[in-house]
Each structure stands twice: as C-alpha cells, then as structure tokens.
Amino acid sequence: MLNASNMEKFPVYPYAFIQVPAVGRKAGIDVISKDLLGVSSELWKQTIRGLIEQHDPLMILITLRNTDSLVSRDYASDATDAYFPIERTRDLVNAIREVSDLKIVLGGFGFSLLPTDLMWYIRPDMGVLGGSDDFFAYFEEIEEGNYRKVPSLIFIQGEKLISNPRVLHPPHSEAEYTPQAINEMMKFYDAFPSPGFQGAPVEIMRGCCHSCLFCAEPRSAGSQIRYRDLDAIMKDIQILSDNGITKVYMISSELNPEGNEFILLLADRILAFNATQPE
C-alpha cells in the first residue's frame with residue numbers, strides 16, 4: 001500500500017498503514033506499506049520497481065486521506081510548493097502503470113468523499129468505499145475479476161462506472177497495533193522530525209448521525225454510528241504503552257453523537273489503566 005498524499009509541512013504517519021494491515025491480517029493477507037514523502041516523483045518508478053521485486057505483491061493499494069489543502073497560499077498562482085494530493089495520487093497511478101500491470105486499488109477517507117469524480121480523474125482499476133473489510137473478505141473474487149460480488153467496490157468497466165452497494169462496517173474488533181507497526185510508525189517520525197510525533201491514533205467509533213454543513217464525515221464514514229469494542233480499544237492502548245508510546249489521541253466522527261455513556265465508559269477504562277502504570 002502506497003501513499004503519495006502526505007503533507008510536507010506537517011508529515012503524519014497514515015493511520016491507514018495501521019488499520020488496513022490489521023483488517024488484512026484477519027483475512028490472512030499481508031499488507032506492506034510505503035509512504036512516498038521524501039521520495040522525489042522522478043524516483044517513483046525506480047522505487048515502485050524495487051518494492052515489487054522485494055515483496056512480489058498481488059495488487060497495489062493507494063490511500064488518499066486529504067483531497068485539498070487548508071493553506072490558502074497553496075491556491076496562489078505563483079505558489080511553488082503547493083499541496084495537491086489528488087494530482088500527486090494521479091501521477092503515482094501513472095508511474096505505476098509504466099512499470100507494472102498489477103491491479104491498482106484506491107481508497108481512503110478522501111476517496112470516499114468523491115469516489116465518482118476521483119475514479120474518472122485518477123483512473124485506478126477499482127476503488128474501495130469506506131473500510132477495507134469487504135475488499136479483503138472477497139479478495140479471491142477480486143483476483144478472479146468477479147468485481148460485482150464485492151460490496152463497497154467501485155470500478156470502471158469499459159466506459160461505464162459501476163458502484164456496488166456500500167456496506168458500513170464497525171471499527172476493527174481486535175487490536176490494530178503490533179510492535180512491528182509501531183516500529184514502522186516511529187521510524188517515519190525519525191525521518192521527519194518536524195513537527196514530529198504528536199501521538200498514536202486509536203479509533204473508538206465511526207460515523208455520525210448529524211449533518212453539519214461544515215463537515216464531510218457522514219458522507220465519508222456514513223451516518224450510522226458504529227462503536228468499537230472497548231476491550232479492543234484498551235488492547236491497542238496496552239500494546240502502545242508496552243512499546244513506549246504513552247501519548248494517544250482518539251479517532252471518532254463525533255465523541256458523543258448519541259449521548260455520553262460510551263465515552264464515559266471509555267474514560268473510566270483509561271483512568272483505571274493509567275492507575276496501573278508507573279508514574
């Protein structure tokens with residue numbers, strides 16, 4: 001899985017590099033991740049060839065988290081270092097096409113916001129709406145080209161765009177982090193020390209039943225609220241703590257869309273956990 005949409009001014013290790021491999025592991029599929037931040041686009045083809053030779057992948061996945069910049073200067077006509085993640089992702093797909101005939105799959109929060117436009121503009125072989133659960137559950141069917149069987153899959157057939165019915169899944173019911181994943185995350189921040197590690201993300205719920213005009217969360221994550229199992233959340237916190245990570249932040253569409261019960265239960269669990277830890 002590749003990412004070409006990181007922001008040079010504020011590098012963040014993609015949470016997809018933690019979550020997607022976790023879902024893949026549950027299906028018995030290994031996902032190897034590589035962020036292309038710091039790799040010149042002139043070296044993309046060389047880098048992709050090397051990764052293919054090293055790992056012999058079955059497909060190439062790409063995650064697209066952001067679709068634009070919040071920095072107004074990036075839209076100035078004379079901007080020299082503007083942040084355009086969609087264009088970079090399209091260039092990455094073109095680079096892959098020049099060195100490989102592997103299927104290219106596009107997903108991520110940003111992709112799920114504008115799947116139709118991005119499929120036509122970036123032209124991957126297929127896209128995944130929302131989580132990757134069904135993509136891995138139906139992986140053999142995808143390998144065989146039976147795309148119509150796969151929920152939440154969108155693909156171009158001829159000149160027709162086909163979007164299968166979307167299925168909303170809850171957050172991962174097992175631990176997402178592993179010592180190896182934590183090591184890879186911290187190696188990333190060692191390479192990009194400014195502003196550096198801000199904490200490890202841990203998803204606690206997904207989806208929002210509200211429709212605030214300024215927020216795209218329900219469109220990407222769905223309007224159905226799905227809570228994560230508290231034991232799974234605490235397993236991730238335990239694994240992070242065991243590997244020296246004591247700073248975490250919670251990922252959710254909204255903390256209390258249906259009231260405070262869930263978040264207060266989680267707070268109690270974290271307080272109890274902290275009480276068992278060294279100062």
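**Group meeting: salt bridges and a few buried residues**

Arg269 is partly exposed, with a relative accessible area of 32%. I start there since this residue leads into the charged pairs. Before going on, please note that this is a predicted model.

Arg269 has a partner. The side chain of Arg269 forms a salt bridge with that of Asp231, at 2.8 Å from N to O. The pair joins distant parts of the chain, with Arg269 in helix α11, residues 261–275, and Asp231 in helix α10, residues 230–242. The two residues are 38 apart in sequence. Asp231 is also on the list of partly exposed residues, at 43% relative accessibility.

How many salt bridges does the structure hold? There are 8. I will go through two others.

One of them links Glu184 and Lys187, whose side chains meet at 3.6 Å, N to O. Where do these two sit relative to each other? Both are in helix α8, which covers residues 179–191, and they are 3 residues apart, so about one helical turn separates them. Glu184 is partly exposed at 34% relative accessibility. Lys187 is partly exposed too, at 46%.

Another salt bridge pairs Glu203 with Arg206, and here the closest N and O atoms are 2.7 Å apart. Is Glu203 buried or exposed? Glu203 has 7% relative accessibility, and therefore counts as buried, the cut-off being under 20%. Arg206 is buried as well, with a relative accessible area of 14%.

Next, a charged residue without a salt bridge. Asp35 is in strand β2, residues 34–35. Asp35 is buried, yet no salt bridge is found for it. How far away is the nearest side chain of opposite charge? That side chain belongs to Arg88, and the distance is 7.0 Å. A salt bridge requires the nitrogen and the carboxyl oxygen to be within 4 Å, so Arg88 at 7.0 Å does not qualify as a partner for Asp35.

What does the side chain of Asp35 have as polar company? The side chain of Asn6 makes a polar contact with the Asp35 side chain, at 2.9 Å. In addition, a polar atom of the Asp35 side chain lies 2.8 Å from the backbone nitrogen of Leu37. Setting aside residues up to four places away in sequence, Asp35 touches Asn3, Asn6, Pro14, Phe17 and Phe188.

Phe17 is on that list, and I take it next. Phe17 belongs to helix α1, residues 16–26. Its relative accessibility is 4%, so Phe17 counts as buried. Neighbours within four places in sequence aside, Phe17 contacts Met1, Leu2, Asn3, Ser33, Lys34, Asp35 and Thr63. There is also a long-range pairing to point out: the C-alpha atoms of Phe17 and Met185 are 8.6 Å apart, while the two residues are separated by 168 residues along the chain.

Still in the N-terminal part, Ser5 lies in the loop between β1, residues 2–3, and α1. Ser5 counts as buried, with a relative accessibility of 5%. With which side chain does the side chain of Ser5 make a polar contact? The answer is Asn3, at 2.6 Å. Outside its neighbours within four places in sequence, Ser5 is in contact with Thr63, Leu64, Arg65, Tyr83, Pro85 and Thr89. Thr63 was among the contacts of Phe17 too.

Now to the surface. Leu58 is placed in the loop between α2, residues 44–55, and β3, residues 59–63. Its relative accessible area is 54%, so Leu58 counts as exposed. Leu58 is nevertheless in contact with Leu102, Phe139 and Glu143, again leaving aside neighbours within four places in sequence. The C-alpha atom of Leu58 is separated by 9.9 Å from that of Ile104, which is 46 residues away along the chain.

The last item is a nonpolar patch on the surface. Which residues form the patch? Phe10, Val12 and Tyr249 do, and together they have about 240 Å² of accessible area. Tyr249 is in strand β11, residues 248–251. Tyr249 is partly exposed, at 32% relative accessible area.

To recap the charged residues: Glu203 and Arg206 form a salt bridge, whereas buried Asp35 has none. Asp35 instead has a polar contact with Asn6. That is the end of my list.

Methods. Residues are numbered from 1 along each chain as its sequence is written. This is a predicted model: local features need pLDDT of at least 70, side-chain atom pairs count only at pLDDT 80 or more; totals for chains, interfaces and linings use all residues. Side-chain values use heavy atoms; hydrogens and water are left out. Patches are made of residues with over 30% relative accessible area and no salt bridge: like charges are joined within 9 Å, nonpolar side chains (Val, Leu, Ile, Met, Phe, Trp, Tyr) within 5 Å. Accessible areas come from the Shrake-Rupley method with a 1.4 Å probe; for residues, only the protein chains shown count as cover. Helices (H or I, at least four residues) and strands (E, at least two) are DSSP runs, numbered from the N terminus. Buried means under 20% relative accessible area, exposed over 50%, partly exposed in between (1.4 Å probe, protein chains only). Lys and Arg count as positive and Asp and Glu as negative; His and the chain ends are not counted. A polar contact is a pair of N or O atoms within 3.5 Å; within protein, one must be able to donate a hydrogen and the other to accept it, and residues adjacent in sequence count only if both atoms are side-chain atoms. Contact means heavy atoms within 4.5 Å.
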